[in-house]
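Q: Could we go through the empty spaces in this protein and the residues around them?

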Amino acid sequence: MGETMVEQPVKHQDVVDPLAGEKEKVQDVKMGKEIQVKHPLQNKWALWFFKNDKLKSWANNLRLITTFDSVEDFWCVYNHIQLASKLGLGCDYSLFKDGIRPMWEDEKNRCGGRWLVNINKNQRQVELDRLWLETLLCLIGEAFGDASEQVCGAVVNIRPKGDKLAVWTGVADNAESVMKIGKTFKERLTLPAKSPVVYEKHLDTANKTGSQTKSKFTL
């Protein structure tokens, strides 16, 4: 009698998928794309730096550092620039929506104003960087709800007698939006109730005769 041929079951590990290498490559590409995906911001933002060089005009002292439009690019920029508390006296950082220059004369700022916080110079090394970062996050995160479209940008001024932090808005007479922005701004900074946040119109600041600008609103 002839022998009965019994086929041996093929073990799973013995099966070779001819496309395995290609599948791995595709998977690697997919993973690479996932890593590269950025989270877009609602607006594109421009970061400016002002250095107080008395040999140059104000406009020539103002320099655009970079623009960004994603969460990842914001952190890349923030983590590679000097902290506000380390800037020299007379220097500023400004973050504005792309296309708006950080000056009163810009047409998007001309009819607006700013919510201003005065920071004691003794708090520069303690609180300034936290307050400035929180302000930046409010801007790029559109923290002011429907009123966010009225926000033009924010500025931090490093000064000998005390620093200043401000959020600029586009229309000073739009009281509802201005107040919403101011209240949110103060809440997000977790400022003490006794620390006033004042709103000044740019036109009043530009035309002031003394050292003080008349406040339109105070919180």
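A: The discussion below concerns a predicted model and takes up its pockets, its cavity, one helix and one residue.

Q: Before that, what is the mean pLDDT of the protein?
A: The mean is 87, and 82% of the residues reach 70 or more. Residues 1–16 have a pLDDT below 50, and beyond near neighbours in sequence this stretch makes 1 contact in the model.

Q: Now the pockets. What volume does the largest pocket have?
A: Its volume is about 820 Å³. The lining comprises 31 residues, and those closest to the centre of the pocket are Trp104, Arg114, Asn157, Lys164 and Thr205.

Q: Which strands supply at least two residues of that lining?
A: They are strand E3 (92–97), strand E4 (113–119), strand E5 (151–157), strand E6 (163–169) and strand E7 (198–201).

Q: And how many of the lining residues of the largest pocket are nonpolar, polar or charged?
A: The lining of the largest pocket contains 12 nonpolar residues, 11 polar and 8 charged.

Q: How much space lies in the second largest pocket?
A: The second largest pocket holds about 170 Å³. Its lining consists of Val117, Asn118, Ile119, Asn120, Gln123, Glu127, Leu131, Leu191, Ser195 and Pro196. Two or more of the lining residues come from each of E4 and helix H4 (124–140).

Q: Which element gives the largest share there?
A: Strand E4 does, with 3 residues in the lining of the second largest pocket. By class, that lining has 5 nonpolar, 4 polar and 1 charged residues.

Q: Changing topic: how many cavities of 30 Å³ or more turn up in the whole structure?
A: The search finds 1 cavity of that size. The largest cavity contains about 60 Å³ of space.

Q: Which residues line the largest cavity?
A: The lining is formed by Leu47, Phe68, Phe74, Val77, Tyr78, Ile81, Tyr93, Leu95, Trp132 and Leu136. By class, the lining of the largest cavity has 10 nonpolar residues, no polar and no charged.

Q: What elements do they come from?
A: Helix H3 (71–78), E3 and H4 each supply at least two residues of the lining of the largest cavity. Helix H3 gives the most, with 3 residues.

Q: Staying with H3, which of its residues are buried?
A: Phe74, Val77 and Tyr78 are buried in H3. Viewed down the axis of H3, the buried residues fall within an arc of 95°, so they line one face of the helix.

Q: And what covers the buried residues of H3?
A: The cover includes strand E1 (40–50), strand E2 (62–70) and H4.

Q: Since E2 has come up, what about Leu62: is it buried or exposed?
A: Leu62, which belongs to strand E2, is buried, with a relative accessible area of 10%. The cut-off for buried is under 20%.

Q: What does Leu62 touch?
A: Leaving aside residues up to four places away in sequence, Leu62 is in contact with Trp48, Phe49, Phe50, Arg101, Pro102 and Met103.

Q: One last point: what separation is there between the C-alpha atoms of Leu62 and Ser94?
A: The two C-alpha atoms are 9.7 Å apart, while Leu62 and Ser94 lie 32 residues apart along the chain.

Methods:
Residues are numbered from 1 along each chain as its sequence is written. This is a predicted model: local features need pLDDT of at least 70, side-chain atom pairs count only at pLDDT 80 or more; totals for chains, interfaces and linings use all residues. Side-chain values use heavy atoms; hydrogens and water are left out. On a 1 Å grid over the protein atoms alone, a cavity is a set of points where a 1.4 Å probe fits but cannot get out, and a pocket is an open set with protein on both sides within 12 Å along at least five of seven lines; lining residues have an atom within 4 Å of a point. Grid points are joined across faces, edges and corners, and a volume is the space filled by probe spheres set on the points. Helices (H or I, at least four residues) and strands (E, at least two) are DSSP runs, numbered from the N terminus. Ala, Val, Leu, Ile, Met, Phe, Trp, Tyr, Cys and Pro count as nonpolar, Asp, Glu, Lys and Arg as charged, and the others, Gly among them, as polar. Buried means under 20% relative accessible area, exposed over 50%, partly exposed in between (1.4 Å probe, protein chains only). The arc is that of the directions from the helix axis to the C-beta atoms. Contact means heavy atoms within 4.5 Å. pLDDT is the predictor's confidence in each residue, from 0 to 100.
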